[in-house]
Amino acid sequence: MAKVYITGSVKNVRALYSNHLKLVNEKAKIRKWLEETVQILWNGYQIANPGVVVELTNFHPNLIGASSEAVFATTVSYKEIEEVILEEYGFFSWDDVQEAGSFNPLFEQAVNVALQGDIAMMQTLLDKDPTIISETSSFGHKASIIQYLAANGVEMWRQYISQNVIEMLELLIECGANPNTENNIFGGSTLRTLIETSEHSFKSGKTDEMLDRLAVYGY
């Protein structure tokens, strides 16, 4: 796997959820997984886990950009924690989550492989099932594999950039990915618009190169 650019904030979120994240690679019910995610976030809030600050300051409407002190000085209800998780994963209600059904383990594995920059494994997965290149996430934001490369608008724990993101971008396009497919992020985004507004791609120094490479392919 390639080296990755990952912020301390994203590391904190990954540490908060720990082994729970591995379960998205199983054919588990999405509602059950998200309900467990809510419980982990709630428990973390009780003990002032630093990963909680990242989640709430990104997805709680009254705590956007707040300090750690402000987050834990604020009384946040269990229902508000539920709403934070629904917002992060692009759902409007638990009824929408119920309709989402179960994870596609191969798709979820492919997303992780893409973010890690493992070119050989991605090719293996695409050889196994070429159709995953055009699939979208079971989460409400409906990002495709290639759109995850922008590290923007998707679940926080997946917002990081591999050192060889350009090679992964090229592979996915050449295998049939369409960067212009619109998802539900920020009211509807393409890969280009996600890259243009991604703090992670900017700080990793990859924004201009990613945009230039999209242009080479006509996107």
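The axes in these close-ups are lines fitted to C-alpha atoms, for helices over the stretch in contact, and the angles run from 0 to 180 degrees between N-to-C directions. Keep in mind throughout that this is a predicted model.

**Close-up A. Helix H1 packs against helix H3.** Here the two axes make an angle of about 115° and sit 7 Å apart. Angles of 65 to 115 degrees count as roughly perpendicular, so that is how H1 lies to H3. The crossing of this pair is left-handed. On the H1 side, look for Ser9, Asn12, Val13, Leu16 and Tyr17; H3 meets them with Pro50, Gly51, Val52, Val54 and Glu55. Sorted by class, the H1–H3 contact comes out as six nonpolar residues, three polar ones and one charged.

**Close-up B. Helix H8 packs with helix H10.** H8 covers residues 119-128 and H10 covers residues 165-174. Their axes are 10 Å apart, at an angle of about 15°. With the cut-off for roughly parallel set at under 35 degrees, H8 and H10 therefore run roughly parallel to each other. This crossing is right-handed. H8 brings Ile119, Met122, Gln123 and Leu126 to the contact, while H10 brings Glu167, Met168, Leu171 and Leu172. That set splits into six nonpolar residues, one polar and one charged.

**Close-up C. Here is the largest pocket, with about 690 Å³ of space.** Its lining takes in 32 residues, and those closest to the centre are Asn58, Phe59, Gly153, Val154 and Phe186. Which helices give two or more residues to the lining? They are H1 (8-17), H3 (50-59), H5 (78-88) and H12 (199-203). H1 and H3 are the packed pair from close-up A, so to speak back for another look. By class, the lining of this pocket is made of 11 nonpolar, 15 polar and six charged residues.

**Close-up D. The second largest pocket has a volume of about 160 Å³.** Helix H7 (residues 105-116) gives the most to this lining, chipping in four residues. The full lining reads Arg14, Leu21, Lys22, Val24, Asn25, Gln109, Asn112, Val113, Gln116, Trp157 and Tyr160. How do these residues divide by class? Five are nonpolar, four are polar and two are charged.

Conventions:
Residues are numbered from 1 along each chain as its sequence is written. This is a predicted model: local features need pLDDT of at least 70, side-chain atom pairs count only at pLDDT 80 or more; totals for chains, interfaces and linings use all residues. Side-chain values use heavy atoms; hydrogens and water are left out. Angles under 35 degrees count as roughly parallel, over 145 as roughly antiparallel, 65 to 115 as roughly perpendicular and the rest as oblique. A crossing is left-handed if the near helix is turned anticlockwise from the far one by less than a right angle, and right-handed if clockwise. Contact means heavy atoms within 4.5 Å. Ala, Val, Leu, Ile, Met, Phe, Trp, Tyr, Cys and Pro count as nonpolar, Asp, Glu, Lys and Arg as charged, and the others, Gly among them, as polar. On a 1 Å grid over the protein atoms alone, a cavity is a set of points where a 1.4 Å probe fits but cannot get out, and a pocket is an open set with protein on both sides within 12 Å along at least five of seven lines; lining residues have an atom within 4 Å of a point. Grid points are joined across faces, edges and corners, and a volume is the space filled by probe spheres set on the points.
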